[in-house]
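Got the model loaded in your viewer? Let's walk through it one selection at a time.

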Amino acid sequence: MGHGASKESGHSGEVASANGRHSILSLRRKSHKKRATTTSLPDTSREEVIFVSTARNSKSASVTDKMSALLGTSSKQELLEKYFNQYKDEHEDAILAEGMEKFCTHLGVDPTEYVVLLLAWKFEASQMCRFSHEEFVNGCQKMKVYDAKSLRSRFPEMKEEVVAQEQFKSLYRFTFTFGLDQSTGQRSLPVDMAIPLWELVFEQHKTPFLTDWCKFLQETNVKGISRDTWNLFLPFSITINSDYSNYDESEAWPSLFDDFVDYQKQRL
């Protein structure tokens, strides 16, 4: 209904504006024809009539445009609220685990897929398996989507966006915070959470070190991954040669990387 009203109102503005232009042209033509034989309005009066006509029509068009914009915004907001409410928890103004499963089902994806991580990043979600009302609505508004179909159509664009190095870096760093248990004030990721998140975030950006790195973490019984270690693994995976020949322990790498390189060299 909102969209229909926008189109009708926009059309009325165009008609009013067209009629205004037509009346101004008519006044000018009549003035030129009668100037030599009749007493006509002085030039200044004639211009005042034209100005008033233009001003009235411009004001009418402006009001119409504003009304159309308001109706369109209202309609889109209603659509978003309706979309959110399909998955909203009964007791909290948020989408929780059960609603998230339903949300993903309607999108035709599994909650553990890479594209769901991209969605969480776009929505600026603060924790896993949860979208607050604000995160969901603001995220959809920024992406200009209002239902499952329009959101699903954005998937290729989202995947293309993180091909760029800076955007992937943003996604990568977000993933660490996303994996933390905010309710307990967690500051490092347990290894059993860090490994699947690394495998997920690197799904589209393959790195030759990932399999060996994850195996090293498991075999050496590392308990947790700090933010610093998480963040620096990205430049490590990009800059270090596959035989580790350019790795320099004197540089500011985390000590865990020193252990990993020693571990790998012993296996080569």
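Start by selecting N231, which touches Y172 and R173, leaving aside residues up to four places away in sequence; a contact here means heavy atoms within 4.5 Å. N231 sits in helix α11. Helices (H or I, at least four residues) and strands (E, at least two) are DSSP runs, numbered from the N terminus. With a relative accessible area of 15%, N231 is buried. The cut-offs are under 20% relative accessible area for buried, over 50% for exposed and partly exposed in between, using a 1.4 Å probe and protein chains only.

Before moving on, two notes on the ground rules. This is a predicted model, where local features need pLDDT of at least 70 and side-chain atom pairs count only at pLDDT 80 or more, while totals for chains, interfaces and linings use all residues. Residues are numbered from 1 along each chain as its sequence is written, and side-chain values use heavy atoms, with hydrogens and water left out.

**Stop 1: the rest of α11**

Now widen the selection to residues 227–239, the whole of α11. Put a distance between the end C-alpha atoms: they are 19 Å apart, which agrees with the 18 Å that 13 residues should span at 1.5 Å a residue. The expected span is 1.5 Å times one less than the number of residues.

Where does α11 bend? Look at F233, where the bend is about 30°, with a proline, P235, following within four residues. That bend is the angle between axes fitted to the seven residues ending at a residue and the seven starting there.

Colour the buried residues of α11 next: T229, W230, N231, F233, L234, F236 and S237. To see what covers them, show α8 (165–179), β3 (189–190), α9 (191–201), α10 (210–219), β4 (224–225) and α12 (255–267), which are among the covering elements.

Keep F233 selected and bring up its partners. Setting aside residues up to four places away in sequence, F233 touches Y172, W198, F202, F209, L210, W213 and F257.

**Stop 2: the core and α4**

F233 also belongs to the largest nonpolar core, which has 68 residues; F103, W198, L217, F233 and F236 have the most contacts inside it. Such a core is a set of buried Ala, Val, Leu, Ile, Met, Phe, Trp, Tyr and Cys residues joined through side-chain atoms within 4.5 Å. Which helix gives this core its largest share? Select α4 (residues 114–123), which supplies 9 residues.

α4 is mostly covered, with 9 of its 10 residues buried. The buried ones are Y114, V115, V116, L117, L118, L119, A120, W121 and F123. Step off the end of α4 and you land on E124, whose phi is positive, near 55°.

**Stop 3: two more positive phi values**

Most residues other than glycine have a negative phi, which makes the next pair worth a click. N221 is not a glycine, yet its phi is positive at about 55°. Find N221 in the loop between α10 and β4, where its relative accessibility of 54% makes it exposed.

Then jump to Y244, in the loop between α11 and α12. Its phi is near 65°, again positive in a residue other than glycine. Is Y244 buried or exposed? Y244 is buried, at a relative accessible area of 2%.

**Stop 4: H205, E161 and L180**

Select H205, in the loop between α9 and α10. Its side chain reaches the backbone oxygen of V162 at 3.1 Å. Beyond residues up to four places away in sequence, H205 touches Y114, V162, V163 and F168.

E161 is in helix α7 (residues 155–161), and its 24% relative accessibility counts as partly exposed. Again leaving out residues up to four places away in sequence, E161 touches W121, K122 and Q167. The C-alpha atoms of E161 and L118 are separated by 9.9 Å, with their positions 43 residues apart along the chain.

Last selection: L180, in the loop between α8 and β3. L180 is buried at 7% relative accessibility. Not counting residues up to four places away in sequence, L180 touches Q186, R187, S188, L189 and R227. Q127 is 53 residues from L180 in sequence, but C-alpha to C-alpha the two are 7.1 Å apart.

**Zoom out**

Show the whole chain to finish: 12 helices and 4 strands. Of its 268 residues, 37% count as buried.

Terms used
Polar contact = N/O pair within 3.5 Å; in protein donor to acceptor, adjacent residues only side chain to side chain.
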